[in-house]
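Good morning, and thank you for joining. I should like to take you through one structure today, beginning with a single detail and then moving outward. Please look at the display.

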Amino acid sequence: MNDMVLVESRSVNNVLVDGFYGDEEAWFSRRQGGEAVGYEDPNDAIAKIHKRHKERLDEFSRVVSLSTPSGKQEAYIYSLEGVLEICRWSRQPKADMVMDALYGMAKSVMRKGYFSLMSDEELYRV
């Protein structure tokens, strides 16, 4: 996988979730996705879902080295489709809210043809 670039940090269910861009796709970490869905032990909970649905989730996940405040760490990341698959199988009440937030981002891209962190006013001034 090529270098990952942080493109957005957004609050989802009061959890700051980082969106990375790499290989022409958005990626999200296992830990933050699990926190947003509401798991107390997010890495373990998502790992269990991944194990139960390995044939599907292997296609939508990667292990990468991410820069963190405590240095480089190996982490599972999931594509947008992977996060939506995890939400599908999660029994957490907040899973629907995560799906709605991600779907809202996708709708913006479909409607505008792009997704930007800048407001429409900022984009049009450029």
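Which residue follows helix 1, and what is the sign of its phi? The residue is Gly38, and its phi is positive, near 110°. Please bear in mind throughout that this is a predicted model.

Let me place that helix in its setting. The protein has six helices and five strands, and from the N terminus the elements are ordered β-β-β-α-α-α-β-β-α-α-α. Of its 126 residues, 36% count as buried. Among the contacts with a separation of 6 or more, 41% are between residues 24 or more positions apart.

Now to helix 1 itself, residues 30-37. Six of its eight residues are buried, so the helix is largely enclosed by the rest of the structure. The buried ones are Arg30, Gln32, Gly33, Gly34, Ala36 and Val37.

Arg30 deserves a closer look. Although buried, Arg30 has no salt bridge, and Asp58, the nearest side chain of opposite charge, is 7.4 Å away. Leaving aside residues up to four places away in sequence, Arg30 touches Asn43, Ile46, Ala47, His50, Tyr76 and Tyr78.

Where, then, does Asp58 find a partner? The side chain of Asp58 meets that of Lys54 in a salt bridge, at 2.9 Å from N to O. Asp58 is partly exposed, with a relative accessible area of 35%, and Lys54 is also partly exposed, at 46%.

The structure holds six salt bridges in total. Another joins Asp44 and Lys48, at 3.3 Å from N to O. These two residues are four apart in helix 2, residues 42-52, and are therefore separated by about one helical turn.

A further salt bridge pairs Glu81 with Arg56, at 3.6 Å from N to O. Glu81 lies in helix 4 and Arg56 in helix 3, so this pair ties together parts that are 25 residues apart in sequence. Arg56 and Glu81 also belong to a network of salt bridges with Glu85 and Arg88.

Finally, the interior. There are two cavities of 30 Å³ or more, and the largest has a volume of about 140 Å³. Its lining comprises 14 residues, of which Val12, Val17, Asp18, Phe28 and Leu102 are the closest to its centre. Strand 1, strand 2, strand 3, helix 1 and helix 5 each supply at least two residues of that lining. Helix 1, with which we began, thus returns here as one of the contributors to the lining of the largest cavity.

Conventions:
Residues numbered from 1 in each chain as written. Predicted model: local features only at pLDDT ≥ 70, side-chain atom pairs only at ≥ 80, totals over all residues. Heavy atoms only, no water. Buried < 20%, exposed > 50% of the residue type's maximum accessible area, 1.4 Å probe, protein only. Lys, Arg positive; Asp, Glu negative; His and termini not counted. Salt bridge = Lys/Arg side-chain N within 4 Å of Asp/Glu carboxyl O. Contact = heavy atoms within 4.5 Å. 1 Å grid on protein atoms, 1.4 Å probe; cavity = no way out; pocket = protein on both sides within 12 Å on 5 of 7 lines; lining within 4 Å. Points joined across faces, edges and corners; volume = space filled by probe spheres on them.
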